[in-house]
Amino acid sequence: MLDGRVVGEGFNEPIGTNDPTAHAEIVALRDAGKRIGNYRLTGATVYVTIEPCQMCVGAMIHARIARVVYGTTEPKAGAIESAMRAHEHPTLNHRMEATGGVLEAECRELIQEFFRAKRL
């Protein structure tokens, strides 16, 4: 969201696109950059279901995202609070606010249901 409007959307599609970088956050950042005509999304907020990985946090930092809001943690690869705090590295030239636990139970159930369905 930027200035109260959705400027980019995405969902995980690495398998379908044969692109290991096609995480939902990256796809949404690419979409937003195209829509506004700039890779810098200064002041934008990214909303995601699950805690972003290190790659996605890095992309958000480069895009100058102001804030990331996520529902549930990702214990193995989460790079905001679980496995590391990548957005707080002291050498970064941009700071990004992070808020986790928003609609946490609903987000956790959504992710768990997704993986239950995949296993069938």
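Glutamate 104 counts as partly exposed, at 30% relative accessibility. Its side chain meets that of arginine 108 in a salt bridge, at 2.8 Å from N to O. This is a predicted model. In it, the salt bridges come to 8. The model also holds an open sheet of 3 strands, in the order E1-E2-E3.

**The salt bridge within helix H4**

- Glutamate 104 and arginine 108 both lie in helix H4.
- They are 4 residues apart, which is about one turn of the helix.
- Arginine 108 is partly exposed, with a relative accessible area of 33%.
- Helix H4 spans residues 104–119 and lies across E1 and E2.
- Helix H4 runs at about 70° to E2.

**The network around arginine 35**

- Glu9, Asp31 and Arg35 are joined into one network by salt bridges that share partners.
- Within this network, the side chains of arginine 35 and glutamate 9 meet at 3.7 Å, N to O.
- Arginine 35 lies in helix H2 (residues 24–36), and glutamate 9 in the segment before helix H1 (14–17), so the pair ties together parts that are 26 residues apart in sequence.
- Arginine 35 is partly exposed, with a relative accessible area of 48%.
- Glutamate 9 is exposed, at a relative accessible area of 52%. The cut-off for exposed is over 50%.
- Aspartate 31 is found in helix H2.
- Aspartate 31 counts as partly exposed, at 22% relative accessibility. A residue is buried under 20%, so aspartate 31 does not fall in the buried class.
- Setting aside neighbours within four places in sequence, aspartate 31 is in contact with Val7, Gly8 and Glu9.
- The C-alpha atoms of aspartate 31 and valine 7 are separated by 7.5 Å. Along the chain, these two residues are 24 residues apart.

**Another salt bridge**

- The side chains of glutamate 88 and arginine 85 also meet in a salt bridge, at 2.8 Å from N to O.
- Glutamate 88 counts as partly exposed, at 43% relative accessibility.
- Arginine 85 counts as partly exposed too, at 44%.
- As a general point, side chains of opposite charge can pair when their charged atoms come close.

**The sheet**

- The pairing in the sheet is parallel.
- Strand E1 (45–50) and strand E3 (97–99) stand at the edges, each with a single partner strand, so one side of each has no neighbour in the sheet.
- From one strand to the next, the twist averages 20°.
- E1 and E2 pair in the parallel sense over 5 bridges.
- Valine 46 stands opposite valine 68 in E2.
- Strand E2 covers residues 67–72, and 3 bridges join it to E3. These two strands run parallel.
- Arginine 67 has glutamate 97, in E3, as its bridge partner.
- E2 is mostly covered, with 5 of its 6 residues buried.
- In general, strands of a sheet pair through backbone hydrogen bonds, either parallel or antiparallel.

**A nonpolar patch on the surface**

- Met1, Val6 and Tyr47 make a nonpolar surface patch of about 300 Å².
- Tyrosine 47 lies in strand E1. E1 is one of the edge strands of the sheet.

**Positive phi values**

- Aspartate 3 has a phi near 55°, a positive value in a residue other than glycine.
- Aspartate 3 is found in the segment before H1. Glutamate 9 lies in the segment before helix H1 as well.
- Aspartate 3 is exposed, with a relative accessible area of 71%.
- Leucine 103 also has a positive phi, near 55°, and is a residue other than glycine.
- Leucine 103 is found in the loop between E3 and H4.
- Leucine 103 is exposed, with a relative accessible area of 55%.

Note on methods. Residues numbered from 1 in each chain as written. Predicted model: local features only at pLDDT ≥ 70, side-chain atom pairs only at ≥ 80, totals over all residues. Heavy atoms only, no water. Pairing = 2+ DSSP bridges. Axes fitted to C-alpha atoms, helices over the stretch in contact; angles between N-to-C directions. Contact = heavy atoms within 4.5 Å. Patch = residues over 30% accessible without salt bridge, like charges linked within 9 Å, V, L, I, M, F, W, Y side chains within 5 Å. Areas by Shrake-Rupley, 256 points an atom, 1.4 Å probe, with all protein chains shown as cover. Salt bridge = Lys/Arg side-chain N within 4 Å of Asp/Glu carboxyl O. Buried < 20%, exposed > 50% of the residue type's maximum accessible area, 1.4 Å probe, protein only.
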